[in-house]
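Reader: Could you take me on a close look at the sheet in this model, and at what packs against it? I would enjoy one connected account.

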Amino acid sequence: MLHIQVIHGPNLNLLGLREPEIYGSQTLEGINQALQNSAQQLGVAVDCFQSNSEGALVDCIQAAWGGKDGILINPGAYTHTSIALRDAIAAVGLPTVEVHLSNIHRREPFRHQSYLAPVALGQICGFGAQSYQLGLQALVQYLRSADPASSPR
Ligand code: DQA
């Protein structure tokens, strides 16, 4: 069975309360629950992790090496600042999909750059909580086409 590490960056623990006009009303717990439901339907296993600390996020990416098949990450504001997260993803070499609730490209100019996008398979943004669902589907499809042995029979 494929194992996916889901990673949420800083301030995403406040979803539901935080700027709901931008990020929607769903809580992080709700997003994680919806991902678990989809994972069950897809026949994959999902582990969810959130931290506000850059180092803890780097540790989580490093820990995925060996045990996980892919990473689904919303790096929050570290998207726009963190060479450390980018290097961690490049180091472990795991297929990674970057997701954002908001469309970062139609917001402030400082959000237009992602340090992670060049080391990700792709980026999905602008669909609210649905971005995570689309990202999970894309990652699982990619992993299954890359390794036909992991497809459900
Ligand atoms: C975000 C976009 C980032 O620019 C912001 O700092 C976040 C959330 C999103 O999901 O839309 O914290 O990653």
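Author: Gladly; here is a walk through the sheet, then the helices and the cores. This is a predicted model, in which local features need pLDDT of at least 70 and side-chain atom pairs count only at pLDDT 80 or more, while totals for chains, interfaces and linings use all residues. Residues are numbered from 1 along each chain as its sequence is written, and side-chain values use heavy atoms, with hydrogens and water left out.

Let us start with the sheet. Five strands form an open sheet in the order 2-1-3-4-5, with parallel pairing. Strand 2 (45–50) and strand 5 (122–125) each have a single partner strand and stand at the edges, so one side of each lacks a neighbour in the sheet. From one strand to the next, the twist averages 20 degrees. Strands here are DSSP runs of E with at least two residues, helices are runs of H or I with at least four, and both are numbered from the N terminus. Two strands pair if DSSP finds at least two bridges between them.

Strand 1 (3–8) makes a good vantage point. Parallel pairing with strand 2 runs over six bridges, and five bridges join strand 1 to strand 3, again in parallel. Q5 shows both sides of this arrangement: its bridge partner in strand 2 is D47, and in strand 3 Q5 stands opposite I71. Five of the six residues of strand 1 are buried (under 20% relative accessible area, with exposed over 50% and partly exposed in between, using a 1.4 Å probe and protein chains only), so strand 1 is largely enclosed by the rest of the structure. Further along, strand 3 (residues 70–74) pairs with strand 4 in the parallel sense over three bridges, and L72 has V97 as its bridge partner in strand 4.

Now for the helices. Helix 3 lies across strand 1, strand 2 and strand 3, at about 175 degrees to strand 1. Helix 5 lies across strand 1, strand 2, strand 3, strand 4 and strand 5, at about 160 degrees to strand 3. Such angles run from 0 to 180 degrees between N-to-C directions, and axes are lines fitted to C-alpha atoms, for helices over the stretch in contact.

Helix 3 (residues 54–64) also packs with helix 4 (residues 83–92), at an angle of about 5 degrees and with axes 9 Å apart. The two are therefore roughly parallel, a label for angles under 35 degrees (over 145 is roughly antiparallel, 65 to 115 roughly perpendicular and the rest oblique). Contact means heavy atoms within 4.5 Å; E54, L57, V58, I61 and Q62 in helix 3 meet A84, L85, A88, I89 and V92 in helix 4.

That brings us to the cores. A nonpolar core is a set of buried Ala, Val, Leu, Ile, Met, Phe, Trp, Tyr and Cys residues joined through side-chain atoms within 4.5 Å. The largest has 22 residues, of which L72 and Y132 touch the most other members. Strand 1, helix 2 (28–42), strand 4 (96–100) and helix 5 (130–146) each supply at least two residues of this core, and helix 5 gives the largest share, five residues. Beyond its neighbours within four places in sequence, Y132 is in contact with H8, L12, I31, L35, L72, N74, V99 and L101. A second, separate core of 15 residues includes V58, I71, I73 and I89.
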